[in-house]
Amino acid sequence: MTRTTLAALALLTCLALPAPQASASDFSLLAGIGPRFDVRSGDVNAVSMIHFDYELISMLRMSAEVYGYVLGDAPDDIAFADTQVGLLFVPPIPGWFGVETGLNIGVSNLLSTRHGDGRIIGMLRPEVALTASVAIFKARLAYQHNMLPLGKVSDLTKVNPADEGQLTIQAGFEF
């Protein structure tokens with residue numbers, strides 16, 4: 001029993017000692033790709049994205065993102081999907097891994113082939129992300145779900161963008 005406890009403590013110490021202290025960078029620029037899910041129809045489309053975030057104050061970052069449909073329903077193999085800005089809460093966690101939660105507001109491009117409607121509408125999206133940082137490199141796995149459309153969406157029998165969610169994997173640099 002004592003040997004097992006000592007071995008576990010030694011392993012934990014070996015993993016914890018080289019871990020850097022929790023720190024934030026001024027800004028990060030990431031690119032990524034992932035699936036966008038439509039819960040009602042079961043459709044999945046690929047989206048590409050660019051993510052930029054900037055530290056406003058300790059533990060609070062402002063983010064901006066631009067998405068594009070890739071392949072699938074996208075006309076000409078790529079189309080504007082949406083753009084958004086948001087606030088991310090980043091608790092200080094020592095080590096290479098972290099968590100971010102936030103809320104984004106933006107506009108979403110409805111495609112007639114995917115949604116049966118060709119409008120641009122406002123969206124509100126909560127987000128949760130897991131991050132990993134080593135030196136100037138950062139990776140991020142994020143999930144966002146459309147909470148509700150903003151503005152006038154008159155016919156929700158055809159289109160319900162609140163049924164959509166997306167999972168993206170991103171990689172890039174932080175400075």
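Two exercises on a predicted model follow, each with a worked solution.

Local features need pLDDT of at least 70 and side-chain atom pairs count only at pLDDT 80 or more, whereas totals for chains, interfaces and linings use all residues. Residues are numbered from 1 along each chain as its sequence is written, and side-chain values use heavy atoms, with hydrogens and water left out.

**Exercise 1.** Describe the surroundings of T168.

*Solution.*
1. Locate the residue: T168 belongs to strand β9, residues 164-174 (strands are DSSP runs of E, at least two residues, numbered from the N terminus).
2. Classify its exposure: T168 counts as buried because its relative accessibility is 3%, buried meaning under 20% relative accessible area with a 1.4 Å probe, protein chains only.
3. List its contacts (heavy atoms within 4.5 Å): beyond neighbours within four places in sequence, T168 touches I33, G34, V47, M49, Y67, R140, L141 and A142.

**Exercise 2.** Identify the largest nonpolar core and the pairing of the strands that supply it.

*Solution.*
1. Name the members: V47, M49, Y67, Y69, A79 and A81 make up this core of 6 residues. A nonpolar core is a set of buried Ala, Val, Leu, Ile, Met, Phe, Trp, Tyr and Cys residues joined through side-chain atoms within 4.5 Å.
2. Assign the strands: β2 (44-57), β3 (60-70) and β4 (78-89) each contribute at least two residues of the core.
3. Examine the pairing (at least two DSSP bridges between two strands): β2 and β3 run antiparallel, joined by 11 bridges, and S48 has G68 in β3 as its bridge partner.
4. Inspect the turn: 2 residues separate β2 and β3 in a hairpin, where M59 has a positive phi of about 75°.

Conventions
Buried means under 20% relative accessible area, exposed over 50%, partly exposed in between (1.4 Å probe, protein chains only). Helices (H or I, at least four residues) and strands (E, at least two) are DSSP runs, numbered from the N terminus.
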